[in-house]
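Student: Hi! Could you walk me through this structure in plain words?
Tutor: Happy to, let's look at it together.

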Amino acid sequence: MTRRLLEQSKLCAIATVSPGERAHVNTAYFAWGPAFEIVWLSAPEARHSRNIRANRSAAVAVYRSTQTWGRADHGIQLFGMARELRGRDARAAERLYAERFHAYSSDVDAYRFYRLRPRRIKLFDEHALGGATFVTVAVGTGGRLRWVRTETYV
């Protein structure tokens with residue numbers, strides 16, 4: 001279910017913490033890897049990139065914006081630590097990104113790859129889990145998921 005939810009959208013919302021502990025959000029195209037890591041391409045001088053350098057705590061929300069109120073909704077939220085990638089990690093992120101976005105061109109020298117490594121994932125799929133039900137899982141080594149709790153808000 002987690003992989004299917006990530007595959008259903010190509011855009012994500014990235015939440016970072018600004019100086020003074022204020023929330024900041026940015027939208028970006030993303031790719032993802034086998035351990036549920038989220039990678040995106042961004043300018044190092046962008047607010048969210050500067051925030052990550054100062055405070056690695058971040059969250060990502062993935063959902064289809066075309067969902068209709070009153071129907072079965074679905075999405076995923078990932079919470080963890082983010083950082084700018086260099087060297088081998090950046091090349092691995094680029095491979096994931098290019099595989100997902102065939103129009104991607106590596107001629108973007110002003111941009112860098114970033115990665116969120118989730119420690120916790122919260123997902124909802126009302127079709128599969130029922131209305132207003134959220135399942136939280138912990139992410140272990142190699143992307144191994146462990147159930148933490150189920151919440152229902154009805």
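Tutor: Let's start with one pair: Arg120 stands opposite Ala138, which belongs to strand 7. Keep in mind that this is a predicted model.

Student: Okay, how many bridges join strand 6 to strand 7, and which way do they run?
Tutor: Four bridges join them, and the two strands run antiparallel. Strand 7 covers residues 133-139.

Student: What else does strand 6 pair with?
Tutor: Strand 5 is one partner: 11 bridges join it to strand 6, again in the antiparallel sense. Strand 6 spans residues 112-125. Within that pairing, Met81 stands opposite Arg117 of strand 6. Strand 3, residues 38-42, also pairs with strand 6, antiparallel and over five bridges. There, Ser42 stands opposite Arg112.

Student: Is strand 6 mostly buried or exposed, then?
Tutor: Buried: 10 of its 14 residues are, so strand 6 is largely enclosed by the rest of the structure.

Student: And strand 5, which residues does Gly75 sit across from?
Tutor: Gly75 has a bridge partner in strand 6, Phe124. Gly75 is also the bridge partner of Tyr63. That second pair fits with strand 4 (residues 57-63) and strand 5 (residues 74-84) pairing in the antiparallel sense over seven bridges.

Student: Switching topic: which residues touch the most other members in the largest nonpolar core?
Tutor: Leu6, Ile38, Trp40 and Leu78 do, out of 24 residues in that core. Helix 1 and strands 1, 2, 3, 4, 5, 6 and 7 each supply at least two of its residues. The largest share, four residues, comes from strand 6.

Student: What does Trp40 touch?
Tutor: Leaving out residues up to four places away in sequence, Trp40 touches quite a list, including Ile14, His48, Ile52, Ala82, Tyr97 and Phe113. There is also a second, separate core of 10 residues, with Ala31, Leu85, Tyr97 and Phe113 among them.

Student: What about Asn51, buried or exposed?
Tutor: Asn51 has 1% relative accessibility, so it counts as buried. Asn51 lies in helix 2, residues 47-54. Setting aside neighbours within four places in sequence, Asn51 is in contact with Thr16, Val17, Ser18, Pro19 and His24.

Student: Now charges. How many salt bridges does the count come to?
Tutor: Nine. In general, side chains of opposite charge can pair when their charged atoms come close. One of the salt bridges here joins the side chains of Asp125 and Arg4, at 2.4 Å from N to O. This pair links distant parts of the chain, 121 residues apart, with Asp125 in strand 6 and Arg4 in helix 1.

Student: Which of those two is buried?
Tutor: Asp125 is buried, with a relative accessible area of 3%. Arg4, at 37% relative accessibility, counts as partly exposed.

Student: Which salt bridges does Asp89 make?
Tutor: Asp89 meets Arg83 in a salt bridge at 2.7 Å, N to O, and Arg115 in another at 3.9 Å. Arg115 lies in strand 6 and Asp89 in helix 3 (residues 87-100), so that pair ties together parts 26 residues apart in sequence. Arg115 is buried, with a relative accessible area of 9%, while Asp89 counts as partly exposed at 30% relative accessibility.

Student: Which residues are linked in a network of salt bridges?
Tutor: Arg53, Glu84, Arg86 and Arg112 are. You met Arg112 earlier, as the residue opposite Ser42.

Definitions and conventions: Residues are numbered from 1 along each chain as its sequence is written. This is a predicted model: local features need pLDDT of at least 70, side-chain atom pairs count only at pLDDT 80 or more; totals for chains, interfaces and linings use all residues. Side-chain values use heavy atoms; hydrogens and water are left out. Two strands pair if DSSP finds at least two bridges between them. Buried means under 20% relative accessible area, exposed over 50%, partly exposed in between (1.4 Å probe, protein chains only). A nonpolar core is a set of buried Ala, Val, Leu, Ile, Met, Phe, Trp, Tyr and Cys residues joined through side-chain atoms within 4.5 Å. Contact means heavy atoms within 4.5 Å. A salt bridge is a side-chain nitrogen of Lys or Arg within 4 Å of a carboxyl oxygen of Asp or Glu.
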